[in-house]
Amino acid sequence: MWVGHCIRRFPVALLALGLGLGLGIGEAGAAEEVWRYQVRQGDTLIALSQQFLQPSRRWQELQRLNRVANPRRLQPGSELQMPVSWLAREASFAQTLFVRGDVQLLRAGQAPQPLQVGTELRSGDLLRSGEQSSATLRFADGSRLLLSPQSELTLEQLMVMGRSGLHDTRLLLQRGGADSKVQPQGRPSYELRTPGINLGVRGTEFRVQADASGSRAAVLEGRVAAGRGGREELALNAGQGIVAKPGEKLQARPLPAAPSLSAAPALVERIPLQLAWAAAPGAKAYRAQVFADGDKEQLLLDGRFEQPQASWADLPDGRYRLRVRALDDAGLEGLSSEVAFKLKARPEPPFIRQPAPDEKIYGDSLSLAWTAPQQAQAYRLQIAATPDFATPLVDRADLKDTELKLAIAHGHYHWRLASIAAGPDQGPWGEAQQVTLKPVPPAPPSLPPDLEGKELKLRWGASSLPGARYQAQWSSDPEFKALLSEQTLDQPSLVLPRPGPGRYWLRVRTVDADGHPGPFGTPQGIEIPRPWWPWLIPAGLLLLAL
């Protein structure tokens, strides 16, 4: 059995030093792991042997080991040493406390099945977790294990040593990660191994990861004895870790410091979920995890990120805890920092259909339109003169339709929308947009034309709008289908070559500084008379004839 092999491979003196094991002197005189029992009133060696020892062990062996003179009269309060290898063993189990996503249970002789909360696991069971899937197990002694996403764990042995209450837990993490919190006992009852390292622990909290590049372990509390193939042994204290790679000697190294999460948001209002924090000095990457608030064993999201920010596709609204660790250049994960945050992203705000961002609208009212999110039953609209919406000019939460025409004074505004679901439950505000409502540039009044010599000078009233220009059209018909001239001018006048006799038409409109034209004014008819001097020729000829 692996537990026994592990004990034989690791020198007993090292385990005693690192883990505080009890040692006794066996019949052969070799140091052996023992369990100490405190004698109670009425105890006898015969009864104790029947209660705690394997059937192959006789009470006389226990008498010789402890040098008991009278097996029927034991001194209450005294201690009896019982070698662990003599204790009776029974099958134990682990209980499934939490499951998220796709975690498969593979049991000998059965088809794979989804792991369910409450499922009892026994020796030989194998668990496989998929992407963003996790599970939390509780062993019979109260120890707990959190299985990370994309991991494979075999429960090689789950045993209890009769009525002693001592448990033997042997686990194999083939790949992925596992966080363990082990209850303290009098012996190293919790053994976890990976393809690259063997770990013997008691009363401690530690993490293990295994992948193609090697295995990594980090000790958060207590001590862990680490070894590999019986060749190397090492005691890891709290705050230390180890990186086990093929061909490299095992060496303890300090865990990276916990990163600061003071810059992480306390309120998140958008999906996909994005969380950022301050960069940690020397960090090569980060491990970020999201847990249910108040239950650190319910791992909901997990990921490794190169930059100090994490992103996940989705998560229901609620309260959560973000846990972040920095990774050093060897991929060893350090100490954790945690911070609570609230996700309130639903009902999602509408998308704005009109007006476009920063659009300038001409007239005396705003026409607003937006989409209808699935959960929305109403909408809340705010319009303010400042981007902080400290004193909104419009604040309405009674909007049922997705369009609104609103009369409002000309000016520059900020506006935003939120959806309201049943409850009423208002979701987060959408992105605020800006809009400007401007008056339509008025048509300028026309002034009498000035016909001098070979030029025709047309004039109209100047606009009071700053930076205004003018668009003038000159036509031979009142419908302006046959334009003779079309010009955009900086001054309120137009100079044309004197046209031939006839009736002409002029219309003008104002163009504001943003290039938006107003309506054309009323077309003005202009009569160009025939010159009087041609009539002098016939008159002169008549006089000459007389």
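Which residues does Thr 169 touch, leaving aside those up to four places away in sequence? In this predicted model, the list runs to Phe 139, Gln 157, Leu 158, Ser 189, Tyr 190 and Glu 191. Thr 169 itself sits in strand 13. With a relative accessibility of 4%, Thr 169 counts as buried, because the cut-off for that label is under 20%.

Stepping back to the whole chain, the protein has 546 residues, and 47% of them count as buried. It is built with 5 helices and 44 strands. Take the contacts between residues at least 6 apart in sequence: 57% of these join residues at least 24 apart.

One of the partners of Thr 169 is Tyr 190, and that residue leads straight into the core. The largest nonpolar core holds 35 residues, and Leu 145, Tyr 190 and Phe 206 are the ones that touch the most other members. Again leaving out residues up to four places away in sequence, Tyr 190 has contacts with Phe 139, Ser 143, Arg 144, Leu 145, Thr 169 and Leu 171, and also with Ser 180, Val 182, Leu 199, Gly 200, Val 201 and Phe 206. Both of the other top-ranked core members, Leu 145 and Phe 206, turn up in that list. Apart from this core lies another one, made of 25 residues, including Ala 264, Ala 292, Trp 312 and Leu 322. As a general point, nonpolar side chains in soluble globular proteins tend to be buried together.

Thr 169 also shows up at the edge of an enclosed space. Searching the whole structure turns up 1 cavity of 30 Å³ or more, and the largest cavity has a volume of about 40 Å³. Its lining is made by Ser 92, Phe 93, Phe 139, Ala 140, Asp 141, Leu 158, Met 159, His 167, Asp 168 and Thr 169. Strand 12 (152–160) and strand 13 each put at least two residues into this lining, with strand 13 giving the largest share, 3 residues. Sorted by class, the cavity lining comes out as 5 nonpolar, 3 polar and 2 charged residues.

Strand 13 matters for the bookkeeping of the largest pocket too, where it again supplies the largest share of the lining, here 4 residues. This pocket has a volume of about 440 Å³. It is lined by 21 residues, and those closest to its centre are Gly 176, Gly 177, Gln 209, Arg 287 and Glu 333. Two or more lining residues come from each of strand 13 (167–181), strand 16 (205–211), strand 24 (285–292), strand 25 (295–305) and strand 27 (318–327). The class count for the pocket lining is 3 nonpolar, 8 polar and 10 charged.

Two of the helices round off the picture. Helix 3 covers residues 45–52, and its buried positions are Leu 45, Leu 48, Ser 49 and Phe 52. Looking down the axis of helix 3, these buried residues fall within an arc of 100°, so they line one face of the helix. The general rule is that an α-helix has 3.6 residues a turn, so residues three or four places apart point the same way. In helix 4 (residues 59–66), the buried residues are Glu 61, Leu 62, Gln 63, Leu 65 and Asn 66. Right after helix 4 comes Arg 67, with a positive phi near 55°.

Definitions and conventions:
Residues are numbered from 1 along each chain as its sequence is written. This is a predicted model: local features need pLDDT of at least 70, side-chain atom pairs count only at pLDDT 80 or more; totals for chains, interfaces and linings use all residues. Side-chain values use heavy atoms; hydrogens and water are left out. A nonpolar core is a set of buried Ala, Val, Leu, Ile, Met, Phe, Trp, Tyr and Cys residues joined through side-chain atoms within 4.5 Å. Buried means under 20% relative accessible area, exposed over 50%, partly exposed in between (1.4 Å probe, protein chains only). Contact means heavy atoms within 4.5 Å. On a 1 Å grid over the protein atoms alone, a cavity is a set of points where a 1.4 Å probe fits but cannot get out, and a pocket is an open set with protein on both sides within 12 Å along at least five of seven lines; lining residues have an atom within 4 Å of a point. Grid points are joined across faces, edges and corners, and a volume is the space filled by probe spheres set on the points. Ala, Val, Leu, Ile, Met, Phe, Trp, Tyr, Cys and Pro count as nonpolar, Asp, Glu, Lys and Arg as charged, and the others, Gly among them, as polar. The arc is that of the directions from the helix axis to the C-beta atoms.
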